Amino acid sequence: YKRLYDLIFSVIGLTLSAPLFPLIALLIKLDSPGTIFFKQLRTGENEVEYFIYKFRTMTQDAEITTGAVWAQKDDPRVTRLGKFMRKTRLDEIPQLYNVLKGDMSFIGPRPERMAFVEQLKETIPFYSTRHFVKPGVTGWAQVCYPYGATDEDALEKLRYDLFYIKNYSIFLDFRIIIDTIR
């Protein structure tokens, strides 16, 4: 059932949001120089890397001098429009393409970058267990825990991810969808 509703929800989501794409693209271009879309390698099922697609919310080349760093609350790299898009999650819409391709599921643990995965595997026991399933656009940790940017936050989110992996069902998935919309 999971792959079937991944396909259904991603097609519906992309169809309903398609009229917004030109407006979002224009606003991104007016807000800051750079590309409209952002692609980044993330770690998926079985720790296989793939490119995730999002609308760009940060300045172009935001990490060129720092390398991979956690996003922070009131992150200075985030553009004005990016703050709005992150708050409303509009920047996540292109990930529905990743769901359609099969890189991601609609619901599952959020994918991280390999640099963070390697770091977290060293400090958090069983961290790799979250990679037994496809990552998701939304998940139990996203609806139950606020935005996190520390190893402690990653540990707490891992607890939610492991709960989801152990208990996932169509009923839990629908509850996550309802909570995400809310």
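Glu92 has 13% relative accessibility and therefore counts as buried, the cut-off being under 20%. The value comes from a predicted model. Arg110 falls below that cut-off as well, with 12% relative accessibility, and so counts as buried.

The side chains of Glu92 and Arg110 form a salt bridge, with an N to O distance of 3.3 Å. Glu92 sits in the loop between helix 3 and helix 4, and Arg110 in the loop between strand 3 (105–107) and helix 5 (114–123), so the contact ties together parts 18 residues apart in sequence.

A second salt bridge joins Asp91 to Lys54, at 3.9 Å from N to O. This pair links distant parts of the chain. Asp91 belongs to the loop between helix 3 (80–88) and helix 4 (95–101). Lys54 belongs to strand 2 (residues 49–55). The separation is 37 residues. Both Asp91 and Lys54 are buried. Lys54, Asp91, Glu92 and Arg110 are linked in a network of salt bridges.

Arg130 and Asp161 form another salt bridge, with 3.0 Å between N and O. Arg130 is placed in the loop between helix 5 and strand 4 (136–138), and Asp161 in helix 7 (residues 151–167), so this pair ties together parts 31 residues apart in sequence. The relative accessibility of Arg130 is 7%, so Arg130 counts as buried. Asp161 has 3% relative accessibility and therefore also counts as buried. Across the whole structure, the search finds 12 salt bridges. Those described here are among them.

The same model was searched for enclosed space. One cavity of 30 Å³ or more is found in the whole structure. The largest cavity holds about 40 Å³ of space. Its lining includes Arg110 and Arg130. Arg110 is the salt-bridge partner of Glu92, and Arg130 is the partner of Asp161. Thr43, Gly44 and Glu45 also line the largest cavity. Further lining residues are Pro109 and Pro111, on either side of Arg110 in the chain, together with His131, Val133, Lys134 and Pro135. By class, the lining has four nonpolar, three polar and four charged residues. Arg110 and Arg130 belong to the charged class, as do Glu45 and Lys134. Thr43, Gly44 and His131 count as polar. Pro109, Pro111, Val133 and Pro135 count as nonpolar.

Methods:
Residues numbered from 1 in each chain as written. Predicted model: local features only at pLDDT ≥ 70, side-chain atom pairs only at ≥ 80, totals over all residues. Heavy atoms only, no water. 1 Å grid on protein atoms, 1.4 Å probe; cavity = no way out; pocket = protein on both sides within 12 Å on 5 of 7 lines; lining within 4 Å. Points joined across faces, edges and corners; volume = space filled by probe spheres on them. Salt bridge = Lys/Arg side-chain N within 4 Å of Asp/Glu carboxyl O. Helix = DSSP H or I, 4+ residues; strand = E, 2+ residues; numbered from the N terminus. Buried < 20%, exposed > 50% of the residue type's maximum accessible area, 1.4 Å probe, protein only.
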